[in-house]
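Let's take a walk through this protein together, one piece at a time. Keep the viewer open so that you can turn the model as you read.

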Amino acid sequence: MKIDFAFKELFGSEKNKAITIVFLNAILKRTGPNVIKEVTFNNLEIGRKHGEDKQSRLDILVTTQDQHQVNIEIQFTNQYDMINRSLYYWARLYSNQNQKGMAYTKLKPAIVVSILNFNLVEETKSYHTAYHLHEDEENFRLTDVMELHFIEIPKLLKHWEEEKLDPWSDVLSRWLLLFSIVDQRKSYIYEDIYKELEAIVVNDKHLQDAFTNWNELSLDPKERQAYEVRLKQILDQEAAVNEAKWRLEVAEKQALERGMEKATAQMARKMLEKHMNVEEVAELTGLPIERMQKIKAELNL
């Protein structure tokens, strides 16, 4: 379910609208008069100025009954630009409402929900964080038109392992655990999570429907093939990102080592200019005797 293809097939289809509504209300903590009762699925592509943007991303975009725009995405691979990307998508989502001659006061709130298969926010151990615009000193909210949510699956699993989750009473945690059953990177299945949710579905019709639809997707040969293709694409992309990161780290390390070596050689040069013993300079700087002798020859000493 952490692969965006499967995620969109389950939560982005008209036949599963009831599931999507329950899931959204859990994430956005909508209750009472603010509860989401209806959504319309949109095919609008936001923030796609760069051709490669959506090669690895399939979002769900819905409009609620009060005309709030909600963009939901699940991101398997950390591309190290998530915060800026989410802000950009929010800006596009918000500005796309504007029509010629339309008053700015008519613009409705735009919400971006990002479900992440990696850790993002270092300042907290919470797996679900929400952001609005607040005044710096007195911390009051400026407006409700901007809302960002980040859900970090690794932190959720950490809470599960530490027995800090209660999916029986916490609707959001049970839905998020659904995404956590399978770890594709490790080819591992969390049997304990599966059994817990399997017991919960007896009293949760919407979660039961999600399980049923998920099984149907898994058993359909065409859907399975499309999923496998998508999975390979994402894992290949993740490998490319990791290799690029490794190459950058190696290059930075080599540059640092070259800089340190250069500084050490300059220090050795100054010592030799003061007629210090070659062996002593080699011991102090850690440079080999052969290098000391070469520097000494360059100095014509």
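**From the pocket to the sheet and its helices**

Strand S6 gives the largest share of the lining of the second largest pocket, four residues. Before going further, please keep in mind that this is a predicted model. The pocket itself, the second largest, has a volume of about 220 Å³. Its lining is made up of 13 residues, and those closest to the centre are Leu-28, Arg-30, His-132, Arg-141 and Glu-147. Two elements, strand S5 (128–134) and strand S6 (141–152), give two or more residues each to this lining. By chemical character, the lining of the second largest pocket divides into four nonpolar, four polar and five charged residues.

Now step back to the sheet that holds S5 and S6. Six strands make up this open sheet, in the order S1-S2-S3-S4-S6-S5, and their pairing is mixed. The edges belong to strand S1 (39–42) and S5; each has a single partner strand, so one side of each is left without a neighbour in the sheet. On average, neighbouring strands here are turned by 20° against each other, direction ignored.

Let's follow the pairings, starting at the S1 edge. S1 and strand S2 (residues 60–64) run antiparallel and are joined by four bridges. To find this pairing in the viewer, look for Phe-41, which stands opposite Val-62 in S2.

Further along, S4 and S6 pair in the parallel sense, over seven bridges. A handy landmark is Leu-116, whose bridge partner in S6 is Glu-152.

At the other edge, S5 and S6 run antiparallel, with six bridges between them. Two pairs mark out this part of the sheet: Ala-130 stands opposite His-149 in S6, and Leu-133 stands opposite Thr-143 in S6. The hairpin of S5 and S6 has six residues between the strands, and in this hairpin Asn-139 takes a positive phi near 65°.

What lies across these strands? Helix H2 (residues 17–28) does: H2 lies across S1, S2, strand S3 (69–75), strand S4 (110–116), S5 and S6. Its direction is at about 105° to S1.

H2 also meets another helix. Two packed helices are described by the angle between their axes and the distance between the axes. For H2 and helix H5 (residues 171–180), the axes come within 8 Å and cross at roughly 120°. The crossing of H2 past H5 is left-handed.

Which residues make this contact? From H2 come Ile-19, Val-22, Phe-23, Ala-26 and Ile-27, and they meet Val-171, Leu-172, Trp-175, Leu-176 and Phe-179 in H5. These residues divide into ten nonpolar, no polar and no charged. The lining of the second largest pocket, by comparison, includes five charged residues.

Terms used:
Residues numbered from 1 in each chain as written. Predicted model: local features only at pLDDT ≥ 70, side-chain atom pairs only at ≥ 80, totals over all residues. Heavy atoms only, no water. 1 Å grid on protein atoms, 1.4 Å probe; cavity = no way out; pocket = protein on both sides within 12 Å on 5 of 7 lines; lining within 4 Å. Points joined across faces, edges and corners; volume = space filled by probe spheres on them. Nonpolar A, V, L, I, M, F, W, Y, C, P; charged D, E, K, R; others polar. Pairing = 2+ DSSP bridges. Axes fitted to C-alpha atoms, helices over the stretch in contact; angles between N-to-C directions. Contact = heavy atoms within 4.5 Å. Left-handed = near helix turned anticlockwise from the far one by under 90°.
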